[in-house]
Amino acid sequence: MVSDEWKNSEWREEEDHAFTYDCLSNRRWWRDMELVLTAVRPIYIILRFADQQRNATISGFLPKMISVLGDIRANLCQKQNLRDRVLQVVNKRLRYLLNETLITAGNSCK
């Protein structure tokens with residue numbers, strides 16, 4: 001942000017340059033970014049787990065997902081409104097996955 005390369009970049013006169021500078025030099029923006037990362041880190045971890053498993057089962061996924069929900073609650077305990085919104089979205093998606101897809105039917109055949 002303070003380098004000559006940044007100050008003299010090709011797009012220094014564009015509106016996005018000023019916006020980017022304002023965001024990246026603003027403490028509130030970084031606090032908000034840290035909050036976003038705190039909220040999504042557990043979700044990212046479970047998605048990586050699910051993506052890397054070759055023989056994944058719903059019985060292996062659900063305990064980890066329950067743990068993730070607890071992590072979200074703990075990480076966002078000071079931000080109740082955000083915590084509730086994040087959990088609402090995650091729970092809605094989880095209900096869809098468990099109730100409205102063939103994942104449960106496929107799992108019961110094993």
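**Notebook: helix H3 and the cysteines**

I started with contacts (heavy atoms within 4.5 Å): of those in the chain with a separation of 6 or more, 44% are between residues 24 or more positions apart.

Note to self: this is a predicted model, where local features need pLDDT of at least 70, side-chain atom pairs count only at pLDDT 80 or more, and totals for chains, interfaces and linings use all residues. Residues are numbered from 1 along each chain as its sequence is written, and side-chain values use heavy atoms, with hydrogens and water left out.

Next I looked up the secondary structure, taken as DSSP runs numbered from the N terminus (helices H or I, at least four residues; strands E, at least two). I found six helices and zero strands.

Then I went to H3, residues 27-52. Its end C-alpha atoms are 36 Å apart, which agrees with the 38 Å expected for 26 residues (1.5 Å times one less than the number of residues). I also found a kink of about 40° at Val40, shortly before Pro42; the bend is the angle between axes fitted to the seven residues ending there and the seven starting there.

Which residues of H3 are buried? I got Ala39, Pro42 and Ile46, with buried meaning under 20% relative accessible area, exposed over 50% and partly exposed in between (1.4 Å probe, protein chains only). The buried residues of H3 pack against helices H4 (58-75) and H5 (80-99).

Last, the cysteines. Cys23 counts as buried because its relative accessibility is 14%, while Cys77, at 43%, counts as partly exposed. I looked for disulfides (cysteine sulfur atoms within 2.5 Å) and the count was zero.
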